[in-house]
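Work through the exercises below with the sequence and the model side by side. Each task is followed by a worked solution.

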Amino acid sequence: GVVPAPTRNNLNEKPLENIRLGVFWDHFQHTDKEVYAKSLEVVTFLESKGATIVNITIPHMREIYLSHGFKILSEFGIAWESQFYNTSYEMEPNTEITIRIGRSLRADEILAAEKVRNFAIQYVRKKLFAGLELDAIASPMMGCKIPKTPVGYRGYGETNTA
């Protein structure tokens, strides 16, 4: 559907009544309590404005996010190759580690990751958007609150991507 532009006359109406939003509730429930509560509040608000909430599932989420990470690591490793091998170029240790991991992936691993990502894209396009006629998928942006940074992290960087 198409969302009409807001005007003073339609603020209290249901401007989203032709909009279908997919919600993967299992994904919502794997967030911090505060994130879940706020996300549920937003979905309830969108529903109050007329949006139709459609329950969805996305299979193989772990494999999808791991393959996405593989692709990012390999592309990062290739993109930073010249700086990595240039001894006069100074890098943070966590950047070096990321490049080394990306450079260590084999072609068959990268190809396998691309196949999993392709499956995910096709599933979302064909099964969810076309099959269920979704306009969008509502999802928490982050599953946890922003972590507090440790003292002294600015000198060496910080990561919590384990």
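**Ground rules and overall fold**

Along the sequence, the protein runs in the pattern β-α-α-β-α-α-α-α-β. The model is predicted, so local features need pLDDT of at least 70, side-chain atom pairs count only at pLDDT 80 or more, and totals for chains, interfaces and linings use all residues. Residues are numbered from 1 along each chain as its sequence is written, and side-chain values use heavy atoms, with hydrogens and water left out.

**Exercise 1. Describe the protein as a whole: its elements, its burial and its contacts.**

Step 1. Count the elements: there are six helices and three strands. Helices (H or I, at least four residues) and strands (E, at least two) are DSSP runs, numbered from the N terminus.

Step 2. Take the burial: of the 162 residues, 23% count as buried. Buried means under 20% relative accessible area, exposed over 50%, and partly exposed in between (1.4 Å probe, protein chains only).

Step 3. Take the surface: about 11,900 Å² is exposed, and carbon and sulfur atoms supply 58% of it. Accessible areas come from the Shrake-Rupley method with a 1.4 Å probe; for residues, only the protein chains shown count as cover.

Step 4. Take the contacts (heavy atoms within 4.5 Å). Among those between residues at least 6 apart in sequence, 72% join residues at least 24 apart.

**Exercise 2. Find the largest nonpolar core and the helix that gives the most to it.**

Step 1. Apply the criterion: a nonpolar core is a set of buried Ala, Val, Leu, Ile, Met, Phe, Trp, Tyr and Cys residues joined through side-chain atoms within 4.5 Å.

Step 2. List the members: the largest core has nine residues, namely Phe24, Val54, Ile56, Ile58, Ile64, Ala120, Tyr123, Leu128 and Leu134. Helix H6 (residues 107-130) gives the most to this core, with three residues.

Step 3. Look at one member. Leaving out residues up to four places away in sequence, Ile64 touches Ile58, Pro59, Val116 and Ala120.

**Exercise 3. Which residues do Ser39 and Thr31 touch?**

Step 1. Place Ser39: this residue lies in helix H2 (residues 33-48). Ser39 counts as buried because its relative accessible area is 12%.

Step 2. List its contacts. Not counting residues up to four places away in sequence, Ser39 touches Phe28 and Pro140. Ser39 and Ser139 are 100 residues apart in sequence, with their C-alpha atoms 7.6 Å apart in space.

Step 3. Place Thr31: this residue lies in the loop between helix H1 (25-29) and H2. Thr31 is also buried, at 15% relative accessibility.

Step 4. List its contacts. With residues up to four places away in sequence left out, Thr31 touches Tyr36, Pro140 and Gly143.

Step 5. Check the side chains for polar contacts. A polar contact is a pair of N or O atoms within 3.5 Å; within protein, one must be able to donate a hydrogen and the other to accept it, and residues adjacent in sequence count only if both atoms are side-chain atoms. The side chain of Ser39 reaches the backbone oxygen of Val35 at 2.9 Å, while that of Thr31 reaches the backbone oxygen of Phe28 at 2.6 Å.

**Exercise 4. Trace the salt bridges of Lys71.**

Step 1. Apply the criterion: a salt bridge is a side-chain nitrogen of Lys or Arg within 4 Å of a carboxyl oxygen of Asp or Glu. The structure holds seven salt bridges.

Step 2. Take Glu75, whose side chain meets that of Lys71 in a salt bridge (3.8 Å, N to O). About one helical turn separates Glu75 and Lys71, because they are four residues apart in helix H3 (residues 61-79).

Step 3. Compare the accessibility of the partners. Lys71 is buried at 11% relative accessibility, whereas Glu75 is partly exposed at 44%.

Step 4. Take Glu114, which also meets Lys71 in a salt bridge (3.1 Å, N to O). This pair links distant parts of the chain, with Glu114 in helix H6 and Lys71 in helix H3, 43 residues apart. Glu114 is partly exposed, at 33% relative accessibility.

Step 5. Turn to another bridge: Asp108 pairs with Arg106, their closest N and O atoms being 3.1 Å apart. Salt bridges that share partners join Lys71, Glu75, Glu114 and Arg117 into one network.
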